[in-house]
Amino acid sequence: LARLYRDCDCLVVPSIGYESIPTVVIEGIKSGIKVFATGKWGIPEVLISRDCWLKEDSVGDIVEKLSNFSPQNGRVDHEFLKRLDGDEITSLHEKLFKGT
């Protein structure tokens with residue numbers, strides 16, 4: 001799965017309705033690629049940059065954001081990576097699942 005993410009220029013996660021724990025968003029970020037996702041529910045807590053937030057149920061917004069995106073050589077430095085590391089993310093998820 002990590003190789004699949006790394007082989008992509010970006011990841012688009014246009015969730016509609018509800019995204020409780022944005023696991024796919026976190027996986028994309030940790031793989032070092034640019035992630036665009038619906039800016040609601042649990043996504044803003046991990047995808048800090050509002051420039052990467054998509055409007056819910058808006059194909060036009062997706063087209064606009066991707067049209068302005070140009071793949072960079074190297075890894076993307078999301079602000080998220082400075083806030084949480086993989087172990088902390090795993091620990092937080094375990095707490096949520098266990099209800100502790």
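**Order of elements.** I read along the sequence and wrote down the pattern of the protein chain: α-β-α-β-α-β-α-α-α. My tally is six helices and three strands. I remind myself that this is a predicted model.

**The chain as a whole.** How much of the protein chain is buried? I looked it up: of its 100 residues, 36% are buried. For the accessible surface I noted about 6400 Å², with 50% of that belonging to carbon and sulfur atoms. Then I turned to contacts with a separation of 6 or more, and found that 56% of them join residues 24 or more positions apart.

**Strand E2 and its partners.** Next I picked strand E2, residues 34-38. Four of its five residues are buried, so I call the strand mostly covered, using under 20% relative accessible area as my cut-off for buried. Which strands pair with E2? One partner is E1, residues 10-13, in the parallel sense over four bridges. I followed one of these pairings down to the residues: Val12 has Phe36 in E2 as its bridge partner. To get from E1 to E2 the chain passes through helix H2, residues 23-30, and I noted this β-α-β crossover as right-handed. E3, residues 53-54, also pairs with E2 in the parallel sense, over two bridges. Here I found Thr38 opposite Leu54 of E3. A handy thing to keep in mind while looking at strands: in a regular strand, side chains alternate between the two faces of the sheet.

**A residue in helix H2.** I went back to the crossover helix and chose Ile29, which sits in H2. Is Ile29 buried or exposed? Its relative accessible area is 0%, so it counts as buried. I also checked its distance to Leu11, which is 18 residues away along the chain: the C-alpha atoms of the two are separated by 8.9 Å.

**Cysteines.** Last, I searched for disulfides. How many are there? The count is zero. Cys8 is in none, and its nearest cysteine sulfur, in Cys10, lies 7.8 Å away. Why is there no bond for Cys10? The closest cysteine sulfur, that of Cys8, is 7.8 Å from its own, which is too far, because a disulfide needs the two sulfur atoms within 2.5 Å. I looked at the surroundings of Cys8 as well: its relative accessibility is 31%, so it counts as partly exposed.

Methods. Residues are numbered from 1 along each chain as its sequence is written. This is a predicted model: local features need pLDDT of at least 70, side-chain atom pairs count only at pLDDT 80 or more; totals for chains, interfaces and linings use all residues. Side-chain values use heavy atoms; hydrogens and water are left out. Buried means under 20% relative accessible area, exposed over 50%, partly exposed in between (1.4 Å probe, protein chains only). Contact means heavy atoms within 4.5 Å. Accessible areas come from the Shrake-Rupley method with a 1.4 Å probe; for residues, only the protein chains shown count as cover. Two strands pair if DSSP finds at least two bridges between them. A crossover is right-handed if, with the strands pointing away from the viewer, the path from the first strand over the helix to the second runs clockwise.
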